[in-house]
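Thanks for coming. I will go through one model today, starting with a single residue and working outwards.

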Amino acid sequence: MAGSSHGHGHTPAAWTGVIIAFIGFCVAGAFMVMAQPVGFWAGMALTLLGGVVGGIMRAMGLGQPKQTAAVAHASATPEPAAAGR
C-alpha cells in the first residue's frame with residue numbers, strides 16, 4: 001500500500017504546470033499590491049495557463065501513467081487472513 005502512492009506528481013507535466021502557476025500567482029499578488037488590475041488579471045491568466053500546459057503535457061505522455069481497471073481492481077481486493085497466526 002505504501003508503495004502505490006510513491007511518485008505521484010513527480011513528473012515533468014506536474015512540475016512544469018506547478019511552476020508556471022506559481023509564477024502567475026506571484027505576478028497576480030504583486031500587481032494586486034500595486035493596485036494594477038490589468039497586471040493582476042494577467043497573472044491570473046498565467047496561473048490558469050499553468051494548468052492547461054500541465055494537462056497538455058500529460059496528454060503527450062509526460063505525466064503519471066493511468067492505471068488500468070484490472071490493476072485497480074486487484075489492488076482493492078483484501079488479502080485473505082494467513083492461516084496459523
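**Arg58 and outwards**

Arg58 is in contact with Ala13 and Gly63, leaving aside its neighbours within four places in sequence. Arg58 itself sits in helix 2. Before I go on, please keep in mind that this is a predicted model.

Is Arg58 buried or exposed? Its relative accessibility is 56%, so it counts as exposed, the cut-off for that class being over 50%. There is also a distance to look at here. From the C-alpha of Arg58 to the C-alpha of Ala14 is 8.1 Å in space, and the two residues are 44 apart in sequence.

Ala14 brings me to Thr11. Thr11 is placed in the segment before helix 1, and helix 1 covers 12-33. A polar atom of the Thr11 side chain lies 3.2 Å from the backbone nitrogen of Ala14. Which residues does Thr11 touch, if we do not count those up to four places away in sequence? They are Leu62, Gly63 and Gln64. Gly63 has come up before, as one of the contacts of Arg58. Thr11 counts as buried because its relative accessibility is 12%, and the limit for buried is under 20%.

Now the chain as a whole. How many helices and strands are there? The chain has three helices and zero strands, and read along the sequence the pattern is α-α-α. The chain has 85 residues, of which 13% are buried. Its exposed area is about 6,700 Å², and carbon and sulfur atoms supply 73% of that. As for contacts, take those between residues at least 6 apart in sequence: 57% of them join residues at least 24 apart.

Next, confidence. The average pLDDT of the chain is 81, and 68% of the residues score at least 70. Which elements mark the two ends of the range? Helix 1 has the highest mean pLDDT, at 95. Helix 3, residues 69-76, has the lowest, at 55.

Back to helix 1, then, with three of its residues. Ala21 lies in helix 1. Not counting residues up to four places away in sequence, Ala21 touches Thr47 and Gly50. Ala21 and Val53 are 32 residues apart in sequence, with 9.6 Å between their C-alpha atoms.

Cys26 is also placed in helix 1. Its relative accessible area is 38%, so Cys26 is partly exposed, a class that runs between 20% and 50%. How far is Cys26 from Met44, C-alpha to C-alpha? The distance in space is 9.4 Å, for a separation of 18 residues in sequence.

The third residue is Ile23, again in helix 1. Ile23 counts as partly exposed because its relative accessibility is 42%. Ile23 belongs to a nonpolar surface patch of about 580 Å². The other members of that patch are Trp15, Ile19, Phe22 and Phe25.

One more residue, and this one is about backbone geometry. Ala35 is found in the loop between helix 1 and helix 2, and helix 2 covers 37-62. What is the phi of Ala35? The angle is positive, about 55°, although Ala35 is not a glycine. With a relative accessibility of 59%, Ala35 counts as exposed.

To recap: the chain has the pattern α-α-α. Thr11, before helix 1, touches Leu62, Gly63 and Gln64, and Ala21 in helix 1 touches Thr47 and Gly50. Helix 3 is the element with the lowest mean pLDDT. That is all from me.

How values were computed:
Residues are numbered from 1 along each chain as its sequence is written. This is a predicted model: local features need pLDDT of at least 70, side-chain atom pairs count only at pLDDT 80 or more; totals for chains, interfaces and linings use all residues. Side-chain values use heavy atoms; hydrogens and water are left out. Helices (H or I, at least four residues) and strands (E, at least two) are DSSP runs, numbered from the N terminus. Buried means under 20% relative accessible area, exposed over 50%, partly exposed in between (1.4 Å probe, protein chains only). A polar contact is a pair of N or O atoms within 3.5 Å; within protein, one must be able to donate a hydrogen and the other to accept it, and residues adjacent in sequence count only if both atoms are side-chain atoms. Contact means heavy atoms within 4.5 Å. pLDDT is the predictor's confidence in each residue, from 0 to 100. Patches are made of residues with over 30% relative accessible area and no salt bridge: like charges are joined within 9 Å, nonpolar side chains (Val, Leu, Ile, Met, Phe, Trp, Tyr) within 5 Å. Accessible areas come from the Shrake-Rupley method with a 1.4 Å probe; for residues, only the protein chains shown count as cover. A salt bridge is a side-chain nitrogen of Lys or Arg within 4 Å of a carboxyl oxygen of Asp or Glu.
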